[in-house]
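Here is a short tour of a protein model for anyone who likes to know the layout before planning work at the bench. Have the viewer open and follow along.

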Amino acid sequence: MKFEQLNNNCNACDKCLTPDFSVFNCLTDDEIAQLKMEHSDLSFRYGELIFKEKQIPTGLYIITKGKVKVSKSGFEEREQIVRFAKEHDLLGYRALLSNEKFTCSASAISDTEVCFFSKDLIFRLIENNSKLAMRFIKILADDTRNAEERAMHMAQKTVRERVAESVLILKEVYGLEEDGNTINATLKRDELADLAGTVRETATRFLSELNADKIICIEGKKIRILDLQKLERSANPTF
């Protein structure tokens, strides 16, 4: 694993650790001070691994800048994208809390910076703060629900519907650029295909259909949404 360790003087701690969306916003001032003192700041370039499937976790990560894909090796080592993660998202917590090896790999899909917190530090905080323990339980429960919904969608939706849904997922995760229509992410076609659970050629064909129907506009590796309502209907035709 290649990475650059930055100085432990990141100015993003207050931004990442205390807002409402942070798992750590239930900690005391002293506990927040521990996190600030004991974290490490790591930087990854595009394509570099943050952690690898089957490795033993030594802590968890918060993305402070950039975008990450989380994926598994499937049949014949084919990559299956499980989810995408962005700024403020947690990585590596499931394997850490279950004391098992990583079941997925995480790699940067843009220049990315993360805060790393050691296993020992996280376990000390959980032991002393029951609210933090409940936060992690809630996150794990949400993960289970999302996995169940994704499995149902993969089984019941057509490939075109899954490709359209994948575009909506990218919009939800990464947001839009200043024009209010272009998804703020640059992805290869095979990465979108992995998210939709299909092969690159099939994903490209259905993206081209959505483009021809003037639902989206494909501009290189960028996707611009032209008609959000039609895209939503393409992903969920029964609604």
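## The second largest pocket

Helix 7 is the main contributor to the lining of the second largest pocket, giving four residues. Strand 8 (105-108) joins helix 7 in supplying at least two residues each to that lining. The pocket has a volume of about 220 Å³. Its lining counts 17 residues, and Lys 69, Glu 79, Asp 190, Glu 191 and Asp 194 are the ones closest to the centre. By class, the lining splits into eight charged, six nonpolar and three polar residues. Please keep in mind that this is a predicted model.

## Helix 7 itself

Is helix 7 mostly covered or mostly open? It is mostly covered, with seven of its eight residues buried. Those buried residues are Arg 189, Glu 191, Leu 192, Ala 193, Asp 194, Leu 195 and Ala 196. Just after the helix comes Gly 197, which has a positive phi, near 75°.

Two of these buried residues, Glu 191 and Asp 194, are also among the residues closest to the centre of the second largest pocket. Leu 192 has another role to play in the picture: it is one of the residues that touch the most other members of the largest nonpolar core.

## The largest pocket

What is the volume of the largest pocket? It comes to about 1400 Å³. Of the 40 residues in its lining, Arg 83, Phe 84, Asp 142, Asp 143 and Asn 146 lie closest to the centre. The classes here are 18 nonpolar, 14 charged and eight polar residues.

Helix 5 (130-156) provides the largest share of this lining, eleven residues. At least two residues each come from strand 6 (79-85), helix 3 (93-98), helix 5, helix 6 (159-174) and helix 7 (189-196). Helix 7 therefore turns up in the linings of both pockets, supplying at least two residues each time, if helices are counted as DSSP runs numbered from the N terminus.

## Nonpolar cores

The largest nonpolar core holds 27 residues, and those touching the most other members are Phe 84, Val 163, Leu 170, Leu 192 and Leu 231. Strand 6, helix 6, helix 7, helix 8 (200-212), strand 11 (222-225) and helix 9 (228-235) each bring at least two residues to this core. Helix 6 gives the most, with seven residues.

Take Leu 231 as an example. Beyond its neighbours within four places in sequence, Leu 231 is in contact with Ala 164, Val 167, Leu 168, Leu 210, Ile 215, Ile 216 and Ile 225. Apart from the largest core lies another core of 19 residues, including Cys 26, Ile 32, Phe 136 and Ile 139.

## Enclosed space

The structure holds two cavities of 30 Å³ or more, and the largest has a volume of about 70 Å³. Which residues line the largest cavity? They are Leu 170, Ile 183, Ala 185, Leu 187, Arg 189, Leu 192, Lys 221, Lys 222 and Ile 223. Six of these are nonpolar and three are charged, with no polar residues. Helix 7 and strand 11 each supply at least two residues of the lining.

## Two buried loop residues

Glu 53 is found in the loop between strand 3 (49-51) and strand 4 (59-65). Its relative accessible area is 16%, so Glu 53 counts as buried, the cut-off being under 20%. A polar atom of the Glu 53 side chain lies 3.0 Å from the backbone nitrogen of Ser 73. Leaving aside neighbours within four places in sequence, Glu 53 is in contact with Ser 71, Lys 72, Ser 73, Phe 102, Thr 103, Cys 104 and Ser 105.

Asn 129 sits in the loop between helix 4 (119-128) and helix 5, and is buried with a relative accessible area of 7%. The Asn 129 side chain has a polar atom 3.0 Å from the backbone nitrogen of Lys 131. Outside its neighbours within four places in sequence, Asn 129 is in contact with Cys 26, Leu 27, Thr 28 and Glu 31. Asn 129 and Glu 31 are 98 residues apart in sequence, yet 9.2 Å apart in space, C-alpha to C-alpha.

## The whole chain

The protein contains nine helices and eleven strands. Of its 239 residues, 43% are buried. Among contacts with a separation of 6 or more, 72% involve residues 24 or more positions apart.

Notes:
Residues are numbered from 1 along each chain as its sequence is written. This is a predicted model: local features need pLDDT of at least 70, side-chain atom pairs count only at pLDDT 80 or more; totals for chains, interfaces and linings use all residues. Side-chain values use heavy atoms; hydrogens and water are left out. Buried means under 20% relative accessible area, exposed over 50%, partly exposed in between (1.4 Å probe, protein chains only). A polar contact is a pair of N or O atoms within 3.5 Å; within protein, one must be able to donate a hydrogen and the other to accept it, and residues adjacent in sequence count only if both atoms are side-chain atoms. Contact means heavy atoms within 4.5 Å. On a 1 Å grid over the protein atoms alone, a cavity is a set of points where a 1.4 Å probe fits but cannot get out, and a pocket is an open set with protein on both sides within 12 Å along at least five of seven lines; lining residues have an atom within 4 Å of a point. Grid points are joined across faces, edges and corners, and a volume is the space filled by probe spheres set on the points. Ala, Val, Leu, Ile, Met, Phe, Trp, Tyr, Cys and Pro count as nonpolar, Asp, Glu, Lys and Arg as charged, and the others, Gly among them, as polar. A nonpolar core is a set of buried Ala, Val, Leu, Ile, Met, Phe, Trp, Tyr and Cys residues joined through side-chain atoms within 4.5 Å.
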